[in-house]
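Me: Please take one part of this model and look at it closely, going through its surroundings step by step. I would like one connected account rather than a list.

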Amino acid sequence: MIHTDIQPSNIFLDSNGTAKLSGFCLCISIPEGETFVKVHADRVEGTLDYLEYNYAATGLITEYTDVFSFGVLLQNFFTRMYRVVDCCCSEDESLFEEFEDKQNVMNM
């Protein structure tokens with residue numbers, strides 16, 4: 001089962017301080033014996049800042065889709081770059097876009 005929406009708002013702590021994952025509405029199952037599932041480009045869902053680039057660009061979901069999202073979550077936690085992005089406001093620039101901008105500047 002691939003979650004496809006690992007982000008801070010889907011992680012809660014119980015009374016013992018144990019992390020619990022929620023928000024399973026976007027989960028996708030990869031059939032046994034298969035290594036990926038392809039979804040239509042219009043069906044790519046999740047929080048842009050935490051989406052694996054390959055999934056966002058091609059719609060291919062692999063076991064690495066959640067690994068990437070969890071890595072971004074940890075990076076944001078340890079670098080304190082996490083911020084709440086209001087999904088209703090189009091003026092907020094995502095961390096994904098900031099990363100692309102920094103990569104473009106470095107490649108000039």
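Reply: The part chosen here is tyrosine 53, which is placed in helix 1, in what is a predicted model. With a relative accessibility of 35%, tyrosine 53 counts as partly exposed, because that value falls between the 20% under which a residue is buried and the 50% over which a residue is exposed.

The ring of tyrosine 53 has a partner. A pair of aromatic rings is described by the distance of the centres and the angle of the planes. For tyrosine 53 and phenylalanine 68 the centres are 5.0 Å apart and the planes stand at 65° to each other, and the pair is edge-to-face. The distance is within the 6.5 Å required of a pair and the angle is over 60 degrees, which is why the edge-to-face label applies. Tyrosine 53 belongs to helix 1, residues 53-58, while phenylalanine 68 belongs to helix 2, residues 64-79, so the pair ties together parts that lie 15 residues apart in sequence. Between the C-alpha atoms of tyrosine 53 and phenylalanine 68 the separation is 8.9 Å. Phenylalanine 68, like its partner, is partly exposed, its relative accessible area being 25%.

The count of aromatic pairs comes to two. In the other, the rings of phenylalanine 77 and phenylalanine 78 have centres 5.2 Å apart and planes at 70°, so this pair, too, is edge-to-face. Phenylalanine 77 lies in helix 2, and both phenylalanine 77 and phenylalanine 78 are exposed; for phenylalanine 77 the relative accessibility is 59%. These two residues, together with Phe70 and Leu74, form a nonpolar patch on the surface, and the accessible area of the four together is about 460 Å².

Back at tyrosine 53, the preceding residue also deserves attention. Glutamate 52 sits in the loop between strand 3 (37-38) and helix 1. Glutamate 52 is buried and yet has no salt bridge, for the nearest side chain of opposite charge, that of lysine 38, is 12 Å away. Since a salt bridge requires a side-chain nitrogen within 4 Å of a carboxyl oxygen, lysine 38 does not provide one. Apart from neighbours within four places in sequence, the residues in contact with glutamate 52 are Leu60, Thr62, Tyr64, Thr65 and Phe68. Phenylalanine 68 is thus both the ring partner of tyrosine 53 and one of the contacts of glutamate 52.

Leu60 and Thr62 lead on to phenylalanine 36: once neighbours within four places in sequence are left aside, phenylalanine 36 is in contact with Ile30, Leu60, Ile61 and Thr62. Phenylalanine 36 lies in the loop between strand 2 (19-21) and strand 3, and a relative accessible area of 40% makes it partly exposed. The C-alpha atoms of phenylalanine 36 and glycine 59 are separated by 9.9 Å, although the two are 23 residues apart along the chain.

As for the wider setting, the chain has three helices and four strands, which follow the pattern β-β-β-α-β-α-α when read along the sequence. Of its 108 residues, 27% count as buried. Among contacts between residues at least 6 apart in sequence, 42% join residues at least 24 apart. The chain exposes about 7,700 Å², of which carbon and sulfur atoms supply 58%.

Definitions and conventions:
Residues are numbered from 1 along each chain as its sequence is written. This is a predicted model: local features need pLDDT of at least 70, side-chain atom pairs count only at pLDDT 80 or more; totals for chains, interfaces and linings use all residues. Side-chain values use heavy atoms; hydrogens and water are left out. Rings of Phe, Tyr and Trp (its six-membered ring) pair if their centres lie within 6.5 Å; planes under 30 degrees apart count as stacked, over 60 as edge-to-face and the rest as tilted. Helices (H or I, at least four residues) and strands (E, at least two) are DSSP runs, numbered from the N terminus. Buried means under 20% relative accessible area, exposed over 50%, partly exposed in between (1.4 Å probe, protein chains only). Lys and Arg count as positive and Asp and Glu as negative; His and the chain ends are not counted. Contact means heavy atoms within 4.5 Å. Patches are made of residues with over 30% relative accessible area and no salt bridge: like charges are joined within 9 Å, nonpolar side chains (Val, Leu, Ile, Met, Phe, Trp, Tyr) within 5 Å. Accessible areas come from the Shrake-Rupley method with a 1.4 Å probe; for residues, only the protein chains shown count as cover.
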